[in-house]
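Colleague: I would like a close look at one residue and its surroundings, followed by whatever else in the model helps to place it. Please go slowly and give the cut-off behind each term as you use it.

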There are 2 protein chains.
Amino acid sequence: MAPAYKLTYFNGRGLAETSRYLLKYGGIDFEDVRVEHADWPQLKDKTPFGQLPVLEHNGKKAGQSIAVARYLGKLVKLAGKDDWENLEIDAVVDTINDLRLKIMVIRFEKDEEKKKAMTETALKETVPYYLTRLEAIVQKNKGYLALGKLTWADLYFVSMSPTFDTFTGEDVFAKYPNLKALRDKVDALPAIKKWIEERPKSEF
Amino acid sequence: MAPAYKLTYFNGRGLAETSRYLLKYGGIDFEDVRVEHADWPQLKDKTPFGQLPVLEHNGKKAGQSIAVARYLGKLVKLAGKDDWENLEIDAVVDTINDLRLKIMVIRFEKDEEKKKAMTETALKETVPYYLTRLEAIVQKNKGYLALGKLTWADLYFVSMSPTFDTFTGEDVFAKYPNLKALRDKVDALPAIKKWIEERPKSEF
């Protein structure tokens, strides 16, 4: 029987890796479809808004990486016990996504001089601003980003964390011991550890 | 007795208006706190990530406008009946937010020449790309953005729609009759109509 879930993305970690972490964490069988860039133009118009990832289940499709991760977080019991708890998870996820977007804008900047200035500001101000506050949150939340226990916010953060490392050109977590401990803890979860070992190698 | 909910934002519609629409729609009493820009520096450090809006309830605080709107959407029964339905709502909301962010980047661009080129691309390509697809979704969903019925995605879209109008410098909805009908329908809901009449006037 075909797996109940099909996750389609490019051949990389990128915006699909959180969902792969969640599916692996939950032991849920899924089809990990990876589209080569040469095949993308033909597929693009068949996606809801010309974007990947797309999750398929029971003949239905849905896009938007964070929305999909939230759905899967509930599926694998890494969500809150009530609506306010889910708000706390969602808020920290959106905050981390804000930081990610601020970094991505710099990556896509083509003017080299402007890019350099933006990078300097990000490294001196933006990244420390966010990571210092996230570090404090993890410290007071028993080592997790929300609710004092493992939630899909942690899997989101850890699966996305290479973005911050790559951008800063160093192990950014060296300065944030609680965030580093969280990353190491999530990546050491048996199902995640196995996935990291067996997943296709890719640059991003 | 003080209202159970307190929503703090600047003195404008902006990122708080969706939550105000939802609270008004649900007939939920709330404190509509509006911070003047002169008072913001003192308050900034008391917010989770130096940002507004912040929702307070039962002595707890949470930020991130879309996360807060999702919570309130559930509170006022404008959410889905299961996790997949909520995924459908979340995906269309995040898609509209993508469009909003693409427009905001242009607003904040300081290089006039670059801003002009970005605006032209947005008006010719980006905005029509999104709105054409949203128009088709509303057409096939019985006049709504998701699930064939009124959800908080509709209140999100309509409360944010002035962003698109202001940006294009015209009634952008004139070209999209289904989106226009949706906007008119939401703004005609008795509680929303009353709110629009009585809310403080502001530019944004």
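Where in chain B does Ile66(B) lie?

Modeller: Ile66(B) lies in helix H3 of chain B, where helices (H or I, at least four residues) and strands (E, at least two) are DSSP runs numbered from the N terminus. This is a predicted model, in which local features need pLDDT of at least 70 and side-chain atom pairs count only at pLDDT 80 or more, whereas totals for chains, interfaces and linings use all residues. Residues are numbered from 1 along each chain as its sequence is written, chains are lettered from A and ligands numbered from 1 in the order in which they are written, and side-chain values use heavy atoms, with hydrogens and water left out.

With a relative accessibility of 8%, Ile66(B) counts as buried (under 20% relative accessible area, with exposed being over 50% and partly exposed in between, for a 1.4 Å probe and protein chains only). Setting aside its neighbours within four places in sequence, Ile66(B) is in contact (heavy atoms within 4.5 Å) with Val93(B), Asp94(B), Asn97(B), Trp152(B) and Tyr156(B) of chain B, and also with Asp94(A) of chain A. Not every residue of the chain that follows comes so close: Glu88(B), 22 residues away from Ile66(B) in sequence, has its C-alpha atom 15 Å from that of Ile66(B).

Trp152(B), one of the contacts of Ile66(B), also leads to Asp90(B), a residue of helix H4 (residues 83-108) of chain B. Asp90(B) is buried, its relative accessible area being 2%. Beyond its neighbours within four places in sequence, Asp90(B) touches Arg70(B) and Trp152(B) in chain B, together with Ala67(A) and Arg70(A) in chain A. The surroundings of Ile66(B) and those of Asp90(B) thus each include residues of both chains.

That brings us to the interface as a whole, in which 37 residues of chain A are in contact with 37 residues of chain B. Between them the two chains bury about 3,100 Å², 61% of it on carbon and sulfur atoms, buried area being the accessible area (1.4 Å probe) that two parts lose on being put together, summed over both. On the side of chain A, the residues that lose the most area to chain B are Phe49(A), Gln64(A) and Trp84(A), which together account for 26% of what that side buries. Of the interface residues of chain A, 100% are also interface residues in chain B, so the copies meet through the same surface. Chain A can be laid on chain B with an RMSD of 0.0 Å by a turn of 180° and a shift of 0.0 Å along the axis, and the two copies are thus related as by a two-fold rotation axis; the superposition is by least squares on the C-alpha atoms of residues with pLDDT of at least 70 in both.

Gln64(A) deserves a second look, as it sits in the loop between strand E4 (60-63) and helix H3 (65-75) of chain A. Although Gln64(A) is not a glycine, it has a positive phi of about 75°, and at 14% relative accessibility it counts as buried. Another positive phi in a residue other than glycine, near 65°, belongs to Leu147(B), which is placed in the loop between helix H5 (112-140) and helix H6 (152-168) of chain B.

Helix H3 of chain B also has a part in covering helix H1 of that chain, along with strand E1 (5-10), strand E2 (30-35), H6, helix H7 (177-187) and helix H8 (190-198). Seven of the nine residues of H1 (residues 17-25) of chain B are buried, so this helix is largely enclosed by the rest of the structure. The buried ones are Glu17(B), Thr18(B), Ser19(B), Arg20(B), Tyr21(B), Leu22(B) and Leu23(B). Just after H1(B) comes Gly27(B), with a positive phi of about 65°.

In chain A, Ala191(A) belongs to helix H8 (residues 190-198) and is partly exposed, at 30% relative accessible area. Apart from its neighbours within four places in sequence, Ala191(A) is in contact with Lys24(A) and Tyr25(A). The C-alpha atoms of Ala191(A) and Lys24(A) are separated by 5.9 Å, although the two residues are 167 apart along the chain.

Finally, the backbone holds a cis peptide bond from Leu52(A) to Pro53(A), with omega near 5°, and Pro53(A) lies in the loop between helix H2 (40-44) and strand E3 (54-57) of chain A. In chain B, Leu52(B) and Pro53(B) are joined by a cis peptide bond with omega about 5°, Pro53(B) being in the loop between helix H2 (40-44) and strand E3 (54-57) of that chain.
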